[in-house]
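Dear colleague,

Please find below the structure that I am handing over to you. My findings follow directly after it.

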Amino acid sequence: MSRLHVVSGKGGTGKTTVAAALALALAAEGRRTLLVEVEGRQGIAQLFETEALPYEERRIAVAPGGGGEVFALAIDAERALLDYLQMFYKLGSAGRALKKLGAIDFATTIAPGLRDVLLTGKACEAVRRKDRAGRFVYDHVIMDAPPTGRITRFLNVNDEVAGLARIGPIHNQAQAVMRVLKSPETAVHLVTLLEEMPVQETVDGIAELRAAQLPVGGIVINMVRPEILDEAAVEVAANGARAEVAETLRYALERTGLGGNRHPGLAESLVDPLVTQAREHTERLALERSGRTEIAGLGLPTYELELLGDGMDLAGLYRMARELRKQGVAR
């Protein structure tokens with residue numbers, strides 16, 4: 001099983017929510033997971049209804065089923081660079097002086113790719129870290145990563161750095177990170193919706209990841225809406241003449257008691273809006289089925305999470321985690 005799970009997806013698909021649910025799912029049965037945020041949005045803190053995450057690993061939840069723990073970390077590029085300078089160059093107070101002078105902020109803002117190197121490096125360090133007994137500190141590290149359009153470059157930046165710096169600690173660090181990112185220890189999961197643009201971006205993103213030889217994990221189809229019509233009704237709504245659909249709906253409404261003397265004209269007034277909604281529903285179903293076909297053609301494990309009608313809260317997050325476990329994501 002992979003130990004570093006990178007979760008990406010087009011904006012608006014709920015990738016942060018899925019990453020959090022995945023952390024809970026993988027932490028079951030006594031395991032420890034670390035949920036890492038790299039974009040500085042504090043989305044994880046909001047989901048778990050806790051205060052803003054500092055640059056330190058903090059326990060934020062206990063997983064269902066066996067008491068596993070979820071820790072979280074918001075990686076700050078400036079602090080990560082100070083760690084890096086201390087680790088490889090023993091700068092210590094000199095590094096802190098550079099921060100006061102603004103050099104650290106300048107470096108992480110201006111230097112091409114340096115920010116991504118620091119963010120991925122910190123996550124990979126957590127993957128490799130062991131305790132005094134030689135056991136991994138975390139069973140899994142889950143990264144809430146940048147969107148699909150940027151994920152391949154984000155993960156592959158260490159390859160570029162290793163090529164630019166031929167020797168020395170920077171070269172060695174970049175190579176160590178890429179050994180993790182391009183190994184079976186890592187899986188890049190993409191989150192999508194059953195809509196045309198997210199599905200296409202998922203297809204393109206997987207092609208880019210494969211071309212860069214980065215390990216693709218699975219696809220999570222999020223916010224799946226229920227099919228409210230049975231197959232026979234879908235067939236009538238999609239292919240029947242409008243008059244036929246209207247007559248079917250009129251008969252159904254009258255059988256519910258919405259016609260007759262008690263509600264004169266009510267059934268008739270509802271027919272046209274319902275015909276329009278039925279047509280729209282069948283069009284959406286056709287698009288969703290087309291999207292599922294495209295996703296199935298990618299040959300990857302696929303998981304589905306239903307749309308939570310009451311909105312997202314902590315209870316909904318735990319429900320999503322249970323659903324992911326039920327579908328085998330943690331096996």
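The notes below concern the sheet of this predicted model, with particular attention to strand S4.

The sheet is open and is formed by 8 strands, in the order S3-S4-S2-S5-S1-S6-S7-S8, with mixed pairing. Strands S3 and S8 (302-306) stand at the edges; each has a single partner strand, so one side of each is left without a neighbour in the sheet. From one strand to the next, the twist averages 25 degrees.

Strand S4 covers residues 69-74, and 5 of its 6 residues are buried. S4 pairs with S2 (residues 32-37) in the parallel sense, over 6 bridges. Within this pairing, Val36 has Leu73 of S4 as its bridge partner, while Glu37 is partnered by Ala74. S4 also pairs with S3 (residues 58-62), here running antiparallel and joined by 4 bridges. Arg58 has its bridge partner in S4 at Ala72. As general background, strands of a sheet pair through backbone hydrogen bonds, in either a parallel or an antiparallel arrangement.

Two helices that lie across the strands should also be mentioned. Helix H6 (residues 114-128) lies across S1 (4-9), S2, S4 and S5 (140-144), and runs at about 165 degrees to S5. Helix H13 (residues 314-326) lies across S3, S7 (216-224) and S8, with an angle of about 150 degrees to S8. The edge strands S3 and S8 are thus both among the strands that H13 lies across.

With kind regards

Key: Residues are numbered from 1 along each chain as its sequence is written. This is a predicted model: local features need pLDDT of at least 70, side-chain atom pairs count only at pLDDT 80 or more; totals for chains, interfaces and linings use all residues. Side-chain values use heavy atoms; hydrogens and water are left out. Buried means under 20% relative accessible area, exposed over 50%, partly exposed in between (1.4 Å probe, protein chains only). Two strands pair if DSSP finds at least two bridges between them. Axes are lines fitted to C-alpha atoms, for helices over the stretch in contact, and angles run from 0 to 180 degrees between N-to-C directions. Contact means heavy atoms within 4.5 Å.
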